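Biologist: I've got this one open at my desk and I'd like a close look at a single part. Could you walk me through the sheet and whatever sits against it, charged pairs and rings included?

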Amino acid sequence: MTVLGIRPAFDPLMGTLYGASRRFRRRPDEQLMNGTLTGHVAPSIEYSAIEPDGSPAWLQVVVADINRIALLPYGWDSYGAEQLKQKAAIHAIELLERMDFGGPAPWVSPTKDGGMHLEWRCPDLGLELEVTEHGDVTVVIEDLGEITEWESGQFGDDQLRHVLRRVTSS
């Protein structure tokens, strides 16, 4: 019998405006033997918003993507890339909240150092954010063929807010 290492699902909404409750479903073939879980745990996370209207659609998509990439093992790129760090996911969502982001959902991927990469492509505009576990943010925009890059703190800045508004209105 092989005991599988189990990595719990992330709670990327912890500490944000949104609340979360975590539930785990056990597959029928799973057993609990002498306090050791064998088999595979399929995380099932239910998020509910503190706001009465519920969480925005973009947030639901981002949380699902975060939990998908959180399950990638160490070395997922075959070059020793780290697993996604929960703090990076939390910082990314908090940043978007602080910037009053309204959607659409970005394409989400991990970075080799455990951070998170968020990317949007719109007509004449591309935006990429890389968020580290410490909350550092690198911003790259391609606007009508011109590329601009800068470092922003975990609270964002006016220039980033402006670009995110353009993404929302596209």
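**The sheet and its neighbours**

Modeller: Let's start with E119, which has a relative accessible area of 18% and so counts as buried, since the cut-off for that label is under 20%. Keep in mind that you're looking at a predicted model. E119 makes a salt bridge with R121, and their closest N and O atoms are 3.1 Å apart. There's a third partner too: E119, R121 and E128 are linked in a network of salt bridges. Across the structure, the count of salt bridges is 7.

Now zoom out to the sheet. It's an open one, with 5 strands running in the order β5-β6-β7-β8-β9 and paired antiparallel. At the edges you'll find β5 (107–110) and β9 (146–152), each of which pairs on one side only. From one strand to the next the twist averages 15°. Further in, β7 (residues 125–131) and β8 (residues 137–143) are held in antiparallel pairing by 7 bridges. If you want a spot to click on there, E130 stands opposite T138 in β8.

Two helices pack on this sheet. The α2 helix touches β6 (116–122), β7 and β8, and its direction makes about 40° with that of β6. Helix α3 (residues 158–169) touches β6, β7, β8 and β9, with its direction at about 130° to that of β7.

Let's stay with α2 for a bit. Its 13 residues should span 18 Å at 1.5 Å a residue, and the end C-alpha atoms are indeed 18 Å apart, so the two agree. Of those 13 residues, 10 are buried, which means the helix is largely enclosed by the rest of the structure. The buried set includes A88, I90, H91, I93, L95 and L96, and also the charged E94 and E97.

E94 deserves a second look. Its relative accessibility is 14%, so it counts as buried, whereas R98, at 31%, counts as partly exposed. These two form a salt bridge with 3.9 Å between the closest N and O atoms. Both sit in α2 (residues 86–98), 4 residues apart, or about one turn of the helix. That spacing makes sense because an α-helix has 3.6 residues a turn, so residues three or four places apart point the same way. Just after α2, D100 takes a positive phi of about 55°.

Helix α1 (residues 57–70) has a similar story to tell. R68 and D65 both lie in it, 3 residues apart, about one turn. Their side chains meet in a salt bridge, 3.8 Å from N to O. D65 counts as buried because its relative accessibility is 17%, while R68 comes in at 46% and so counts as partly exposed.

Last, the rings. The structure holds 2 aromatic pairs. In one of them, W58 and F101 have ring centres 5.1 Å apart and planes at 75°, so that pair is edge-to-face. W58 belongs to helix α1 and F101 to the loop between α2 and β5, so the pair ties together parts that are 43 residues apart in sequence. W58 is buried at 6% relative accessibility, and F101 is buried at 7%. Ring pairs also bring in W120, giving a cluster of W58, F101 and W120.

Terms used. Residues are numbered from 1 along each chain as its sequence is written. This is a predicted model: local features need pLDDT of at least 70, side-chain atom pairs count only at pLDDT 80 or more; totals for chains, interfaces and linings use all residues. Side-chain values use heavy atoms; hydrogens and water are left out. A salt bridge is a side-chain nitrogen of Lys or Arg within 4 Å of a carboxyl oxygen of Asp or Glu. Buried means under 20% relative accessible area, exposed over 50%, partly exposed in between (1.4 Å probe, protein chains only). Two strands pair if DSSP finds at least two bridges between them. Axes are lines fitted to C-alpha atoms, for helices over the stretch in contact, and angles run from 0 to 180 degrees between N-to-C directions. Contact means heavy atoms within 4.5 Å. The expected span of a helix is 1.5 Å times one less than its number of residues. Rings of Phe, Tyr and Trp (its six-membered ring) pair if their centres lie within 6.5 Å; planes under 30 degrees apart count as stacked, over 60 as edge-to-face and the rest as tilted.
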